[in-house]
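Reader: I am new to this structure and would like a close look at one part of it. Please start there, and then walk me through its surroundings at an easy pace.

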Amino acid sequence: MQIELRINDSADPKARYVSWAPSPCSVRLSDPTGASQPVQVTLRQKPAATGGQVRFRDGPSASAKTSLSLTLPLAGAPVPFFLTGVFGRASVMDGDVTVEVRAGTQVLGSVPLMVRVRKDAAKLTAPERDRFVAALAKFNDRGAGGFAAFRAMHTDLTSPEAHGAPGFLPWHRAYLLDLERELQAIDSSVALPYWRFDRPAPALFTPAFLGRSDSNGTVHFASTNPLQFWVTDGVPGINRRPFFVTGTASANVITEAQTLALGNQYAQFLRMEGNPHGFAHTSFGGSISSIDTAAKDPLFFLLHANVDRLWAKWQRRFGRFDPALAASFANGPSRIGHNLPDTMWPWNGITGGQRPATAPGGDLAASSCVTAPGAKPKVRDMLDFQGAVAPHSQLGFDYDDVRFA
Amino acid sequence: MGAMRTRKKATARKASKTKRRSRPKGKAKPKRKAGAHAAAARGSYAALAAAALDPGLGVRQRIRALADLSGEICDDTGTFHGVLDILRDAKSPSGLRLAALQALQAATFSAVKFSRSRPEYLTALRAVAADPDLELRQRVLGLLARERDGSTQQKLLDGLKNPAKALVPPEKALQLLGYDVHADAYPVARRIVRDPPNPAAKREALRLLAADAASAPVFEEILRNKAEPAEFRQLSVSVLHSLAPRSLQAHAREMVLDDTEDDDLRAAGLTALTQFGEQGAITADAALVQRVDRLKGGKGSAMVKKGARRFLDKYRP
Amino acid sequence: MTDLVAVHRAPTEDEFAERVDALANGSRRAELVELLREDDPAYAERGAAAIVRMRGWVLLALGRVGLPDDALIFVLEELDNGRDAYLVAAAARAMRSYATPGSALAPFLVGAISNIRYRDDAVSFERYGGYAVSEPGTTAVREALVTLRALGPHARGVFRELEAMRASDSGALSPEALAELELTLAAIGSGLAEPEACCSLPVGARGFRAAATSTGSGPVESLLFEDQAGAVVRFADFFRGKPSVVVFFYTRCDNPRKCSLTVAKLARLQGLLAERGFDGRIRTAAITYDPAFDAPDRLRRYGEIRGVRTDSDHRLLRAVEGMDALRDHFGLGVNFIGSLVNRHRVEAFVLDASGRIAATFERIQWDEQRVVEEAIALLDPPSGEPPPPRGPDPARPRQRDARWQALGVVPPLAVAFFPKCPVCWATYLSATGIATLEQIPYAPWLLPVLMLAMAVNLGMLWRRGRSEGRMAGFYFAAAGAVSIAFGGLGVGGSYASMCGLALILIGSLLSVRGRRDAAERGSRRRPADVCALKQA
């Protein structure tokens, strides 16, 4: 007797990643040898002292259980169920969760999986940090890698697509997601960490992670850190001069509480583009502090992951996932690319006219876990990232401290 | 129709400006205690603008108001000009001027909205590019250099050629010139590599030359010369990998095999091989794998051991 | 030329500026125009910012002495592609001194505003290389608006675009620019736009050349390239046997409207070729200006990111040796600091199956469709084999365009008469009333002249039809010409003339379908000039 366990409705090992939002899964009898009637099985997580934890659900909104009993038809039809990570118990490495399917005491099958969410960069374990840094360096590949497209997407000439209008948050959510998926294609255990710029982050600005700046603003790396080979625009290295003491102080920004209190309407919350977003950028000298050069510094992506996380937190606090709800997004027409039904450059491939002259990078990278948002996302596709309104709009990422429901 | 609409808007703008101005300054003082922020953020742009520009208020209060104005200092021409005036006024306290600069910079991120103020902003930056305040000057030159501003590049180059005229230390000037590969800074950078005023300047000159294909021999030479500081040699490894990515394997391999090599360079070589090496070729390179195995348990530094472990995780699973 | 700088060292920028001023004061316009070529030695070994200042000063000098026809292309180039506010502003200002402005210029100015408005800057033209520091100065957007204002009714074709800009983007314009926009809109007026898609720019400002000058042999034949996969190929081996489309770029170019766009357009062009079934019959190549830095991995990635297809017929190349021969062969518009490009134009070439240059597209944005047409025109035996020699001149397929250029010297009447586009025909015919010629008093001599022109037109249609294998247009036009001839001679009366008109119109339409000049392409982008018609 054998079973097949599908995570995220896929048999691909690369699909074995879950987050707080429920992932659609199924189990079926792939080989009924020895069974004469439907088989009663129990799904549970193999006990482990550390690492991630998951729970099972009958339906997307059913209550979470530590184990689930299902009856598998002899004919091999799949029986659906849902998996969710236990909030606060994310994985620390690939496959540190094992889901077992038992019939009585007999283990019919098991799969390893990972509760993969975006975490506070200052709290990553050393291996988590090293895997992230390695994937990033590999993607840059000494300036000759795919990162060049991301560099070209965020410049002064392309900035109207992404800034100064309501699409600011959705555009950057797509941008980060695209990068994260590229990194996951290199190492699928990686999730983009975020930099909480309103708190000291002593573990982030170190030679082993994003580098330590000298007084001139030149960033130094440990000899074991592959970011020492970082090259953008043909020039190696990173310039970043913090105007605050990175070990003990936060950037010169308003706090998270203040940001979340900007207002319960999207238009009010959008003021965060100035402070904390703009102020986080300009709490440094160096590339990160100018729009045209900001994406040359890997810190950009951690800074923006926090901007995105603040939006996610705000969405959770006020229930602002539904694009149909007026308060979830700006009302009234905005420039192209900043309205809910608009597609976003460069993924839409549209050039000329009001859009930039070229659209480097092509489609938004696909995920092996979820289908949304597709290759050419629209602004509206970025709102319901957890699938809180419609399960199929799940984007496949979560933040360690933003719950699902 | 269009003209009418514009006129209406202009009238509305004027009206709101008058309203802002007529608000008594005393009442505008933003309270900095918890909870006050949200209220301040919600309806009192005028109060914040007034506070930021009010010379009668304390510097800290004004700095706070500038931060709370967020990206909106350009929403009103009067406020924008007031903030530019703070930046340009050499008599204003340094902290206040820097805060004005940061607020302006933050606003530049809203590119579309900011574009109407951009020419004046750049003009103001150029006006303070030679300001007596070094910190301000340095930040401003950095901003202009990242705009690939020709006049700024000229100032930086002039300063490198004639240190008496220099606005910033040579290492800073070189770093800023590095934002534009087309800045024609290579001749002066080569001269500084030969005759550096200080080690930081030499390092920045090397970083600048990293984009110059013709300078590859300079880096080869530094890499071969074990008398050069490890920092420069490590930089040379990165640069050669960038200028000639396919040379990586050979360079890195050589360093890993060389027992007289500096530990930092060996660790860097191991890192390069682990991250960018060709799986097939390295797995088949028995001599290399064996040597790395010895390094893992040898007398080398922790970095070398760590690098060796990662190398073996990848190439000898 | 040696007036001021006779010493054997590179002139300083100040000396260059003095030389420019001297040329301008001496009315030596031709020499000033020469200074706008990228490959002028004055630009060698200088930073890109210095070149901006130098070229800007030349443009401003031309603006003072009057912009000649052959300098217009440099102004259009800057408006079309410039990303530096100083040069865009200087170009916009220089355009105001052009003696025969027409409606074809306005879209370039609007394009320049779109390109530059989010990174505009305050510049000053009072002294060499000036940026505004304390004085008010001007900006690129404002200069473009002032020039549009000067164009007045010639800019009616862009009135709606400017109105749309005011409606949707007024928040992005400075109060000064907004005020200027209001004045511009008032000066242009919302009356009827001049007929579009007609007559177009002067020949030299269209960015297209039929090249018959390339010798096609010599050192370039043995030049070695390395492609994106590291494979080595000889010039003669890759560029012989099939026609090809060649573009130039370099990966460190910081102007997205130049190299990035060129390579993205090459990808689209490859798509067009495949769509139309020319896979395996036409090659494409993107060659880097910067072979020392653009190693195969960089080439591959740069193409990949922009959707370029690579295989044995489609490659990204760097010259392993012989960069100079390459420069000479193509007459590249580029200059260097060491091996790094400091300034270059946008350029694309169509090569025949012998590797000889058959057509050149330069400075202003080329149209993918048009380049594809030029390449297909070289494929005359359907087997796709190299074309057999067709006379002494290997560039024969391009003679049509060479003659076209020669027409610039014949009387404007004939120029106006040529079927550059169908609308020209209609406009001209309705304007001068060839079909009702007998009603024009005291001009009996006009008839034979027009008859002759009509015959020449028929000849052109015949040639075009032959080269494209579509003769329908010619047949219609021939029938029309016969009708008009009879009508004009009083046989059959006006009915025959009107029929004839209709037939010629249909014939011209059929003939030009899908073959528009880049400068005439898309009436929205570049509505053409009717000045030639007016002069006629």
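Author: Over residues 512–536 of chain C, pLDDT (the predictor's confidence in each residue, from 0 to 100) stays under 50. The model still gives this stretch 76 contacts beyond four places in sequence, where a contact means that the C-beta atoms of two residues, placed from the backbone, lie within 7 Å. Where pLDDT is low, the predicted coordinates should not be read in detail.

Everything here comes from a predicted model, in which local features need pLDDT of at least 70, side-chain atom pairs count only at pLDDT 80 or more, and totals for chains, interfaces and linings use all residues. Chains are lettered from A and ligands numbered from 1 in the order in which they are written, and residues are numbered from 1 along each chain as its sequence is written.

Taken as a whole, chain C has an average pLDDT of 78, with 65% of the residues scoring at least 70. A further stretch of chain C, residues 383–444, has pLDDT below 50, and beyond near neighbours in sequence the model places 103 contacts there. The scores of the model are ipTM 0.91 and pTM 0.84.

Let us move to a pair of helices in chain C. Helices and strands are DSSP runs numbered from the N terminus (helices are H or I with at least four residues, strands are E with at least two). Helix α8 of chain C spans residues 159–169 and helix α9 of chain C spans residues 175–188; their axes come within 11 Å and cross at roughly 155°. The axes are lines fitted to C-alpha atoms, for helices over the stretch in contact, and angles run from 0 to 180 degrees between N-to-C directions. α8(C) and α9(C) are therefore roughly antiparallel to each other, a label for angles over 145 degrees, while under 35 is roughly parallel, 65 to 115 roughly perpendicular and the rest oblique. On the α8(C) side, Phe159(C), Leu162(C), Glu163(C) and Arg166(C) make the contact, and they meet Leu181(C), Thr184(C), Leu185(C) and Ile188(C) of α9(C). By class, this contact has 5 nonpolar, 1 polar and 2 charged residues. Here Ala, Val, Leu, Ile, Met, Phe, Trp, Tyr, Cys and Pro count as nonpolar, Asp, Glu, Lys and Arg as charged, and the others, Gly among them, as polar.

The two helices lead us to a neighbouring chain. Chain C puts 37 residues into a contact with chain B, which puts in 29. On chain C's side, α3 (48–65), α8, α9 and β10 (340–344) each supply at least two residues. The largest share, 5 residues, comes from α3(C). That side of chain C has 18 nonpolar, 9 polar and 10 charged residues.

Chain B has a helix pair of its own. Helix α3 (residues 45–53) and helix α4 (residues 59–69) of chain B pack at about 140°, and their axes are 8 Å apart. α3(B) and α4(B) are therefore oblique to each other. From α3(B) the contact takes Leu48(B), Ala49(B), Ala51(B) and Ala52(B), and α4(B) brings six residues' worth of partners, including Gln61(B), Arg62(B) and Leu69(B). This contact divides into 7 nonpolar, 1 polar and 2 charged residues.

Chain B also touches chain A: 52 residues of chain A are in contact with 50 residues of chain B. On the chain A side, α1 (126–140), β13 (235–236) and α6 (274–281) each supply at least two residues, and α6(A) gives the largest share with 6. The residues on that side of chain A are 16 nonpolar, 27 polar and 9 charged.

Our last stop is a sheet in chain A. Two strands pair if DSSP finds at least two bridges between them. This open sheet has 5 strands in the order β2-β9-β8-β4-β6 with mixed pairing. β2 (17–18) and β6 (67–72) of chain A stand at the edges with a single partner strand each, so one side of each is left without a neighbour in the sheet. β2(A) pairs with β9(A) (residues 106–115) in the parallel sense over 2 bridges, and Val18(A) stands opposite Val115(A). β8(A) and β9(A) run antiparallel and are joined by 7 bridges. β8(A) and β9(A) form a hairpin with 2 residues between them, and Gly104(A) in the turn has a positive phi of about 65°.
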